[in-house]
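Please open the model in a viewer and keep the selection panel at hand. The tour below proceeds stop by stop, naming what may be selected and what is found there.

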Amino acid sequence: MGCDGGTIPKRHELVKGPKKVEKVDKNAELVAQWNYCTLSQEILRRPIVACELGRLYNKDAIIEFLLDKSSEKALGKAASHIKSIKNVTELRLSDNPAWEGDKGNTKGDKHDDLQRARFICPVVGLEMNGRHRFCFLRCCGCVFSERALKEIKAEVCHTRCMKKYFN
Ligand SMILES: [Zn+2]
C-alpha cells in the first residue's frame, strides 16, 4: 500500500455550524479549526488523530464514537466515514516553543492563547495556525507544512522518526 502524505485541507466545513460564528474574526476562526476536535468540539489534546479527509480529532473522542455508534448525535456525522480506528492516523505533532497556552493561562484570557499556534512545522517552523497547508504522513503520522514537503524532496520522513515515505 502506498504511504503517501495525506493532506490536511483548510477546514471550512468545521465552521458551518451555528450562524452566529459567521462574523468571528477570521484569524481566530482559522486558529480554532486547528485547536478543536471535529467530533467532540473539545480542545485538541494528545493523542490527536487525523482522518483521510484531514480533519483533526481527539483519539478518545474517536474511540468513544466507535464504541457507541447507537448514539445518534448530530456530531457523529462529522465522523461517519470512520469505521475503525485504522481509518485514522495518530499524529506526531511538533510543539511550538512559543505557545504557552497551558502554562501562562491563569487569567482565563482564552483569546490570548489563540494568537499562537500550539504546533509548528518541525522543518521550516511555520505555525500550524490555519494559514498554511499542513500534511501528515500516513505511515508514521508526522506532520509538517506543505512548504517543507515541496522544498525538501527526501525519501525519508523529514523529522526524527526517519521512516521511509514508501515501503
Ligand atoms: Zn515520520
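**First stop: Leu91 and the core**

Select Leu91 and display its surroundings. Leaving out residues up to four places away in sequence, Leu91 touches Ile48, Val49, Ala50, Leu56, Phe136, Gly141 and Val143. The model on the screen is a predicted one.

Next, add Leu39, Tyr57 and Met128 to the selection. Together with Leu91, these residues touch the most other members of the largest nonpolar core, which has 32 residues. To see where the core draws its residues from, colour β2 (48–51), β3 (56–58), α2, β7 (134–137) and β8 (143–145), each of which supplies at least two of them. Which of the elements gives the most to this core? Strand β2 does, with four residues.

**Second stop: the whole chain**

Now zoom out and show the protein chain as a cartoon. The protein chain contains four helices and eight strands. Followed from the N terminus, its elements come in the order β-α-β-β-α-β-β-α-β-β-β-α.

Of the 167 residues in the protein chain, 40% count as buried. Among contacts in the protein chain with a separation of 6 or more, 48% are between residues 24 or more positions apart. If the surface is switched on, the accessible area of the protein chain comes to about 10000 Å², and 52% of that belongs to carbon and sulfur atoms.

**Third stop: helix α2 and its two sides**

Select α2, which spans 59–67, and show its side chains. Which residues of α2 are buried? They are Ala61, Ile62 and Phe65. Viewed down the axis of α2, these buried residues fall within an arc of 100°, and they therefore line one face of the helix. Strands β2 and β3 are included in what covers them.

Rotate the view to the other side of α2, where Glu64 and Leu67 are exposed. Leu67 also belongs to a nonpolar patch on the surface, formed with Ile63 and Ile85. The accessible area of the three together is about 290 Å². Ile85 is found in the loop between α2 and β4 (88–90). Its relative accessible area is 37%, so Ile85 counts as partly exposed.

**Fourth stop: salt bridges around the loop between α1 and β2**

Side chains of opposite charge can pair when their charged atoms come close. Across the whole structure, a search finds six salt bridges.

Select Arg45 and Asp60, whose side chains meet in a salt bridge at 3.2 Å, N to O. Arg45 lies in the loop between α1 (26–33) and β2, while Asp60 lies in helix α2, so the pair ties together parts that are 15 residues apart in sequence. Adding Glu42 to the selection shows a network of salt bridges that links Glu42, Arg45 and Asp60. Are Arg45 and Asp60 buried or partly exposed? Arg45 is partly exposed, at 36% relative accessibility, and Asp60 is partly exposed as well, at 40%.

Move on to Arg46 and Asp95, which form a salt bridge with their closest N and O atoms 3.3 Å apart. Asp95 is in strand β5 (residues 94–95) and Arg46 in the loop between α1 and β2, so this pair ties together parts that are 49 residues apart in sequence. Asp95 has a relative accessible area of 48% and is partly exposed. Arg46, at 43% relative accessibility, is partly exposed too.

**Fifth stop: Arg133, Glu146 and Ser145**

Select Arg133 and Glu146, whose side chains meet in a salt bridge (3.3 Å, N to O). This pair links distant parts of the chain, 13 residues apart, with Arg133 in the loop between β6 (119–120) and β7 and Glu146 in helix α4 (residues 146–151). Arg133 counts as partly exposed at 35% relative accessibility, and Glu146 counts as partly exposed at 24%.

To finish, select Ser145, which lies in strand β8. Is Ser145 buried or exposed? Its relative accessibility is 0%, so Ser145 counts as buried. Apart from neighbours within four places in sequence, Ser145 is in contact with Cys121, Val124, Leu126, Arg133 and Phe134. Arg133 thus appears twice at this stop, in the salt bridge with Glu146 and among the contacts of Ser145.

Definitions and conventions
Residues numbered from 1 in each chain as written. Predicted model: local features only at pLDDT ≥ 70, side-chain atom pairs only at ≥ 80, totals over all residues. Heavy atoms only, no water. Patch = residues over 30% accessible without salt bridge, like charges linked within 9 Å, V, L, I, M, F, W, Y side chains within 5 Å. Areas by Shrake-Rupley, 256 points an atom, 1.4 Å probe, with all protein chains shown as cover. Salt bridge = Lys/Arg side-chain N within 4 Å of Asp/Glu carboxyl O. Buried < 20%, exposed > 50% of the residue type's maximum accessible area, 1.4 Å probe, protein only. Core = buried A, V, L, I, M, F, W, Y, C linked by side-chain atoms within 4.5 Å. Contact = heavy atoms within 4.5 Å. Arc of directions from axis to C-beta.
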